[in-house]
Amino acid sequence: MPARLRDRILTDGLPTAIAIGVLVWIAASIRWEFVASLDFSILWPYRWALLQGLLNTLLLTVAAVLIGLPAGFILAAAMLLPTRFARWPAITYVELFRNTPLVLQLFWIHYALPMFTGYSTTVFQSGFIVMALQSSAYLADVARAGIQSIPKGQWEASAALSLPGWSRWIDVVLPQAFKIIIPPLANIAIGYFKASAVLAILAVGELMTVGVRVANHTFKPIETLTVVGVIYLLIGYAFTMLANRLETIFGKSEVRS
């Protein structure tokens, strides 16, 4: 057998045959009579409830990122300060919220914190607070990487111009750092959009909570959660396309600069 034909079989023919075999095996394993019995039309009366859940999910995601971003920059600046009295509390905060599960933080904020402080929050407020706290911790690390990527010459040039400290940060460092962190910021937003499903444990009112309620009410969990999964997939895919677009735009911008 010629070497070229053998390589073609190994690189194209064999993977294609394996893929076709897997698809045939999956198709043969599916109970198609059960698939035909699924009734997705029963979810139509609940379309507005699912839409409200989706809006709550997007609201929680956007609010967590918008609040977490400036907080993340402040924490990042504190972590880069030479004084340990500012650096250590910031590092402790970031490590605490970055290395503990979201669901644990949710229970602690909603159930334990009122016992210590006497202040209670609604489940939606607790979910919002937890997502904002954890996003600020993750974004602090991203912001620190962005600040540290600013060339040393930029710091030296601003010092040579005798710019005050606040002006170096506001006018020189932060605009450039923000431009650098936009692509990872979009990826973090995608992660929080999906992670918001954890809030269903407290019935916060986001998309997963509404989906579970509809499933329990209609006794159609497969149809309901399939539709919820498709909604997460479509919105997540749109966010991913946006993140890829931002990476392309700012990648070209970096090349031109």
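**View 1. Three helices help line the largest pocket.** In this predicted model, α3 (47-80), α8 (165-195) and α10 (221-256) each supply at least two residues of the largest pocket's lining. The volume of this pocket comes to about 300 Å³. A total of 13 residues line the pocket, and the ones closest to its centre are Val 65, Leu 185, Ala 186, Ala 189 and Leu 242. If you wonder how such spaces get found, rolling a probe the size of a water molecule over the atoms shows where empty space is left.

**View 2. Ser 135 sits in helix α6 (residues 123-148).** Is Ser 135 buried or exposed? With a relative accessibility of 0%, Ser 135 counts as buried, because the cut-off for buried is under 20%. Setting aside residues up to four places away in sequence, Ser 135 touches Ala 64, Val 65, Gly 68 and Tyr 192. Val 65 may ring a bell: it turned up in View 1, among the residues closest to the pocket's centre.

**View 3. Leu 58 belongs to helix α3.** Here we have a partly exposed residue, with a relative accessible area of 24%. Which residues does Leu 58 contact, once neighbours within four places in sequence are left aside? They are Phe 193, Ile 235 and Phe 239. Asp 12 is another story: Leu 58 and Asp 12 are 46 residues apart along the chain, and their C-alpha atoms are separated by 42 Å.

**View 4. A nonpolar patch on the surface brings together residues including Leu 10, Trp 25, Phe 34 and Ile 222.** Taken together, the patch residues have about 1,200 Å² of accessible area. Two elements, α1 (3-29) and α2 (32-37), give two or more residues to the patch. Which of the elements gives the most? That would be α1, with 7 residues. Phe 34, for its part, is in helix α2 and is partly exposed, its relative accessible area being 34%.

**View 5. Ala 203 and Phe 219 each have a positive phi of about 55°.** Most residues other than glycine have a negative phi. Neither Ala 203 nor Phe 219 is a glycine, so this pair is worth a look against that general pattern. Where do they lie? Ala 203 is in the loop between α8 and α9 (207-218), while Phe 219 is in the loop between α9 and α10. Ala 203 counts as partly exposed at 30% relative accessibility, and Phe 219 is exposed, with a relative accessible area of 69%.

Key: Residues are numbered from 1 along each chain as its sequence is written. This is a predicted model: local features need pLDDT of at least 70, side-chain atom pairs count only at pLDDT 80 or more; totals for chains, interfaces and linings use all residues. Side-chain values use heavy atoms; hydrogens and water are left out. Helices (H or I, at least four residues) and strands (E, at least two) are DSSP runs, numbered from the N terminus. Buried means under 20% relative accessible area, exposed over 50%, partly exposed in between (1.4 Å probe, protein chains only). Contact means heavy atoms within 4.5 Å. Patches are made of residues with over 30% relative accessible area and no salt bridge: like charges are joined within 9 Å, nonpolar side chains (Val, Leu, Ile, Met, Phe, Trp, Tyr) within 5 Å. Accessible areas come from the Shrake-Rupley method with a 1.4 Å probe; for residues, only the protein chains shown count as cover. A salt bridge is a side-chain nitrogen of Lys or Arg within 4 Å of a carboxyl oxygen of Asp or Glu. On a 1 Å grid over the protein atoms alone, a cavity is a set of points where a 1.4 Å probe fits but cannot get out, and a pocket is an open set with protein on both sides within 12 Å along at least five of seven lines; lining residues have an atom within 4 Å of a point. Grid points are joined across faces, edges and corners, and a volume is the space filled by probe spheres set on the points.
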